[in-house]
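Visitor: Can you walk me through this one? I'm new to reading structures.
Guide: Sure. Take a look, then ask away.

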Amino acid sequence: MIQSLLNRDEYRRRVRKCWEENITYWLSSDLRHVTDVGDYIVDYIIKSCSTIENPTIIDMGFGSAWIYLALRKRNYLCKYIGLDSCEKFVSY
């Protein structure tokens with residue numbers, strides 16, 4: 001279904017509802033983008049920050065925090081800040 005959303009509050013309500021309906025999948029499944037290109041993404045982050053001493057990584061929409069976990073697994077020293085508007089991800 002493709003629709004135009006002209007009402008900001010209605011848009012936000014629908015987005016929150018969609019996340020609520022899919023939260024279990026996002027937190028308990030092997031996510032396609034992580035499986036398919038997760039290592040590439042983490043490699044790119046590390047390479048992009050290679051000239052910065054103690055970089056800060058801001059992960060917007062961090063979900064299960066898989067990037068944080070991958071950076072820790074590689075013992076990559078950085079400051080990680082995860083931002084997400086879905087309270088259940090933040091609580092997790």
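Visitor: Before anything else, what counts as a pocket here?
Guide: A pocket is an open set of grid points with protein on both sides within 12 Å along at least five of seven lines. Keep in mind that this is a predicted model.

Visitor: Okay. How much space lies in the largest pocket?
Guide: About 320 Å³.

Visitor: Which residues lie nearest its centre?
Guide: W19, D84, S85, C86 and F89. The full lining of the largest pocket has 18 residues.

Visitor: And which helix gives the most to that lining?
Guide: Helix α1, residues 8-28. Six of the lining residues come from α1.

Visitor: What classes of residue line the largest pocket?
Guide: Eight are nonpolar, five are polar and five are charged.

Visitor: What about the second largest pocket? What's its volume?
Guide: About 160 Å³. Its lining is V34, G38, D39, V42, W66, L69, A70, K73 and R74. Two elements, α2 (32-48) and α3, each give two or more residues to that lining.

Visitor: How does that lining split by class?
Guide: Five nonpolar, one polar and three charged.

Visitor: Let's switch to charges. How many salt bridges does the structure hold?
Guide: Six. One of them joins the side chains of K17 and E21, at 2.7 Å from N to O.

Visitor: How far apart are K17 and E21 in helix α1?
Guide: They are four residues apart, so about one helical turn separates them.

Visitor: Are those two buried or exposed?
Guide: K17 is partly exposed, at 44% relative accessible area. E21 is exposed, at 54%. The cut-off for exposed is over 50%, so E21 passes it.

Visitor: Give me another bridge. What does K88 pair with?
Guide: K88 meets E20 in a salt bridge, 3.2 Å from N to O. K88 lies in helix α4 (residues 87-91) and E20 in helix α1, so the pair ties together parts 68 residues apart in sequence.

Visitor: How accessible are K88 and E20?
Guide: Both residues count as partly exposed. K88 has 43% relative accessibility, and E20 has 41%.

Visitor: R74 came up in a pocket. Which residue does R74 form a salt bridge with?
Guide: With D43. The closest N and O atoms are 2.4 Å apart. R74 sits in the loop between α3 and β2, while D43 is in helix α2, so this pair ties together parts 31 residues apart in sequence.

Visitor: And how accessible are R74 and D43?
Guide: R74 is partly exposed, at 35% relative accessible area. D43 is also partly exposed, at 40%.

Visitor: Which residues are joined into one network there?
Guide: D39, D43 and R74. Salt bridges that share partners join them. D39 and R74 also appear in the lining of the second largest pocket.

Visitor: New topic: the surface. Which residues make the nonpolar patch?
Guide: V37, Y40 and Y44. The patch covers about 340 Å². V37 is in helix α2. V37 is partly exposed, at 36% relative accessible area.

Visitor: Now the backbone. What sign does phi usually have?
Guide: Most residues other than glycine have a negative phi.

Visitor: So what is phi at A65?
Guide: Positive, at about 65 degrees, although A65 is not a glycine. A65 is in the loop between β1 (56-60) and α3 (66-73).

Visitor: What about N75?
Guide: N75 has a positive phi too, of about 55 degrees, and is not a glycine. Its place is in the loop between α3 and β2 (79-83).

Visitor: Are A65 and N75 buried or exposed?
Guide: A65 is buried, with a relative accessible area of 16%. N75 is exposed, at 65%. Buried means under 20%, so A65 falls below that line.

Visitor: Last one. How far apart are the C-alpha atoms of L27 and Y92?
Guide: They are separated by 8.3 Å, although the two residues are 65 apart along the chain. L27 is in helix α1. At 22% relative accessibility, L27 counts as partly exposed.

Technical notes:
Residues numbered from 1 in each chain as written. Predicted model: local features only at pLDDT ≥ 70, side-chain atom pairs only at ≥ 80, totals over all residues. Heavy atoms only, no water. Buried < 20%, exposed > 50% of the residue type's maximum accessible area, 1.4 Å probe, protein only. 1 Å grid on protein atoms, 1.4 Å probe; cavity = no way out; pocket = protein on both sides within 12 Å on 5 of 7 lines; lining within 4 Å. Points joined across faces, edges and corners; volume = space filled by probe spheres on them. Nonpolar A, V, L, I, M, F, W, Y, C, P; charged D, E, K, R; others polar. Patch = residues over 30% accessible without salt bridge, like charges linked within 9 Å, V, L, I, M, F, W, Y side chains within 5 Å. Areas by Shrake-Rupley, 256 points an atom, 1.4 Å probe, with all protein chains shown as cover. Salt bridge = Lys/Arg side-chain N within 4 Å of Asp/Glu carboxyl O.
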